Amino acid sequence: MKQQPIHTIIRVTPEIKKPSRPWCWLALLLLCCFSSASQAQALNKHKITASYLYNFAKNIEWPDEKSMASFNIGFYGSDNPQLLNEIRTMAASVKLRNLPITVTQATTVNSLSRFHLVYVEQANNNMVSDIYDALGGQPVLLVTAEYPNKQLVMINLITDNDRLRFEVNRSNIINHGLQPLPELILNGGTEIDVARLYREGQASLVALQRQLQNREKTLNELSTAIDAQEAKNQRLETQLATLNQSIQKSDALIADQNLLIQNQLDQIEQSKQERLRLLEEVEQRTQELDKQQQQLDAIVQQIDRREKRLAELNTTIKSQEDEILTQRQAIAGLDEKVDAQKTALTYLWGLVSLGVLLIITILIGYTIKRRDNQRLAEHSKDLQIAKDRLAIAKRKAEDASQAKSEFLSLMSHELRTPLQAIIGYTEVVIEELKLADDENHINDLTRVISNSERLLKLINGVLDLAKIESGRMELDLTEVKLSSLVDEAVSVVAPLLEKNAIQLNIDVDDGSFLPMADPEKILHILINLLGNASKFSPKGTVTIKALHQPNRIYISVADTGIGLSAEQQQQIFEPFRQADSGTTRKFQGSGLGLSITRQLCEMMGGSIEVESELGRGATFIVDLPLPIELPPAFGGPGVDANADVAIHDSDIASNGQHIVMIDDDPAFLDIMARTMQSEGFLVHTAHDAETGLRLLQTIKPDVITLDLLLPDQHGWMLFESIKADADLQDIPVIIISIMDERKQVHKHQAEDYLTKPIRRETLKLAIQRLVPKT
């Protein structure tokens, strides 16, 4: 406790008193100046927990804040009367957003939905699952303590070395319609985040491993059935063992990458904790300086009061001395002069002592303040170093992410090597079986080769398309000889020409000089066009022309096949599209060949066109202007994540059937919009809930597709807004989300629920079932 100041009372009587000694005044002032205050006791854990709960509520935005009459806090689970008393004491003295705070001990899980914040001290998986079921997606903040399952928490308090900290799972908070502010993390929290690219990469790798396991099982079954070829099967098993070792090495490399990413995250967490510690220390030092300044001001005030009191005493003594001088006029003038000089010397000594004491106090305060300023400067320097380390750690994390992407790309390419080995060894087995006239196994292995080649072509096509669209495919301009390229392309597709009994006509002109172009790209174009013509023209004729003209390279491939309609010609160059679904079933293929061909032509500044009629064949014409220039960058047109399909008056006024798609994934919107547009629907898209609701009120569509994870609010909240609108409540809604919340469909009365990833045919059938085409 702070010591009370000592008040000295001096009574003056008519008797003659000698002046006080100067050392008494000095001792009195020193006793007042160096009185100290006891330090405040440290806050206990319950007070810190209560303060955290108040700050959590302060840094979260509730959707119904304007309609709140009070802020309700509920305690559920174990009974902790000390913590309950602390939060009630705090609630009695403060308000939250100018609202009174109510604190209640809840006894049943069904009563938790009426609170805004629920605190559970001893939680387990069953209890948390029951709480989420009872809340049903309502805007309620759940705070747990020492709960290990980070996937289910919103905010979790953790005791670490007698220090209380907390973790925040932002996605769970947003899923319940709450909006966390950035200050929530800046107050000392740690954000729980699962990288989306990491999840997708892991899911893709698991799918590839399952495919490889299925193929290994098929090869083992084939080796069991062919007893006569035990030596050949032994070599095949050796290859499979090598493939398994490659997979194990890949798994080990992925584990190393994951460990590196985790180390980077740990370093970032340590940097955050160091930054928070420095900020707390700076704040503590500032408070200490303020307290010292207040003490210095109090000392100066006490000195002023003492000087004032001294002046009053001087006046009193002076008057008494005048009375004494009046009564003793007979005393000699020499005695009066001696007394006056002694009095003046006493006062002068007291003033000099006070001045020295004031100077010493000022020097002490200045020395302490300068030392604290030096410490503050050193801490600021350390804080800047921590910021630099954080930037370096962020750069390393980005480099690790890029390395992971390159590794996945490398693995995708490496898939082609074992497929080629499978095809080669299967062909060797077929040759051996032909000598034994084993037609049954020959047919089975032929199907293996056919499907392996289809898979290899699909992988090659997807990789080429990805390289083109990402801008990583470059042109290599050199002199090309068209006749050599045509011969090489014909040799590649020769088995298909013989299989379909096709007559081939060739017209090639290399010109007077060799043009500068990319031979690999032109060869790819020729192979795609020749393979496409041979596949759709069985027992027909294919004519190829490759001419080097003065200002261009002209290539045309004509066939006498089934031909294309005008509608089919508009979509034939789109990725993964063929003429129609019937063609896709009859003629195998991925639909990537013509799409890649078009983009290769555009890379070289040219174009490709098709001329065709149903039943009269088709002619594909490639025109490459000369000279070919290297483009600065090439990539497919991207989709702006914040752009929505414009609404034209002509679209709204048309008699077609309208679809509104609300999703934050631009690639999903682009693919699905093209799919439904090709079916004759008028498609409108939105990337967030606010834009989507405004779009719905303007268009009044025939069907709505809705994602649940939207950037501004949860999809179920937008669903309730749609069903609450009298003009929109009868429109069927299809929920499309990566989250499996089918049990919420009956609660919200949605017409259908689809889980990502979905096929385009699945969405098409779902929409056609709800809105049959007229």
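What share of the contacts in the chain with a separation of 6 or more comes from residues 24 or more positions apart? I looked this up before anything else, and the figure is 69%. A reminder to myself: this is a predicted model.

**Entry 1: the whole chain**

I noted 22 helices and 21 strands. The chain has 774 residues, and 38% of them are buried. Its accessible surface is about 45500 Å², and carbon and sulfur atoms account for 52% of that.

**Entry 2: a five-stranded sheet**

I then traced one sheet strand by strand. It is open, with mixed pairing, and its five strands come in the order β11-β13-β14-β16-β15. Which strands stand at the edges? They are β11 (503-509) and β15 (607-612); each has a single partner strand, so one side of each lacks a neighbour in the sheet. From one strand to the next I find an average twist of 10°.

Next I looked at how β11 is held to its partner. Strand β13 (residues 541-549) runs parallel to β11, and seven bridges join the two. I picked out one pair to look at: D509 has L547 in β13 as its bridge partner.

Two helices caught my eye here. Helix α12 (residues 482-499) packs on the sheet and touches β11, β13 and β14 (552-559). Its direction makes about 170° with that of β11. Helix α13 (residues 519-535) lies across β11, β13, β14, β15 and β16 (618-625). I read its angle to β14 as about 15°.

**Entry 3: F573, in a loop**

Staying with strands of this sheet, I checked a residue that touches some of them. F573 is in the loop between α14 (566-571) and α15 (581-586). Is F573 buried or exposed? It is buried, at a relative accessible area of 10%. Setting aside neighbours within four places in sequence, I list its contacts as L594, S595, R598, I608, V610 and F620. I also checked G593, which is 20 residues from F573 in sequence; the C-alpha atoms of the two are 8.4 Å apart.

**Entry 4: strand β5**

How many of the five residues of strand β5 (residues 141-145) are buried? Five of the five are, so the strand is largely enclosed by the rest of the structure. I sorted the side chains by direction: L141, V143 and A145 point one way, L142 and T144 the other, and all are buried.

Then I followed the pairing on to the neighbours of β5. With strand β4 (residues 117-120), β5 pairs in the parallel sense over four bridges. Y119 stands opposite V143 in that pairing. Between these two strands the chain passes through helix α4 (residues 125-135), and the β-α-β crossover is right-handed. Strand β6 (residues 155-159) also pairs with β5 in the parallel sense, here over three bridges. In β6, L157 is the residue opposite A145.

**Entry 5: helix α22 and what it packs on**

Now for helix α22 (residues 760-770). Which of its residues are buried? I wrote down L763, K764, A766 and I767. Seen down the axis of α22, the buried residues fall within an arc of 165°, so they line one face of the helix. A textbook point fits in here: an α-helix has 3.6 residues a turn, so residues three or four places apart point the same way. The face turned away from the buried side of α22 carries L765 and R769, both exposed.

I asked what the buried residues of α22 pack against. The partners are β17 (658-662), α18 (666-678), β19 (703-706), β20 (733-737) and β21 (752-755).

One residue of β19 seemed a good one to open up: T705. It counts as buried, at 3% relative accessibility. Residues up to four places away in sequence aside, T705 touches V660, M661, I662, I734, I736, L763 and I767. Among these, L763 and I767 are buried residues of α22.

**Entry 6: I722**

I closed with I722, in helix α20 (residues 715-724). I722 is buried, and its relative accessible area is 0%. Neighbours within four places in sequence aside, I722 is in contact with L696, I704, L728 and Q729. I722 and V733 lie eleven residues apart along the chain, and I have 9.3 Å between their C-alpha atoms.

Technical notes: Residues are numbered from 1 along each chain as its sequence is written. This is a predicted model: local features need pLDDT of at least 70, side-chain atom pairs count only at pLDDT 80 or more; totals for chains, interfaces and linings use all residues. Side-chain values use heavy atoms; hydrogens and water are left out. Two strands pair if DSSP finds at least two bridges between them. Axes are lines fitted to C-alpha atoms, for helices over the stretch in contact, and angles run from 0 to 180 degrees between N-to-C directions. Contact means heavy atoms within 4.5 Å. Buried means under 20% relative accessible area, exposed over 50%, partly exposed in between (1.4 Å probe, protein chains only). Accessible areas come from the Shrake-Rupley method with a 1.4 Å probe; for residues, only the protein chains shown count as cover. A crossover is right-handed if, with the strands pointing away from the viewer, the path from the first strand over the helix to the second runs clockwise. The arc is that of the directions from the helix axis to the C-beta atoms.
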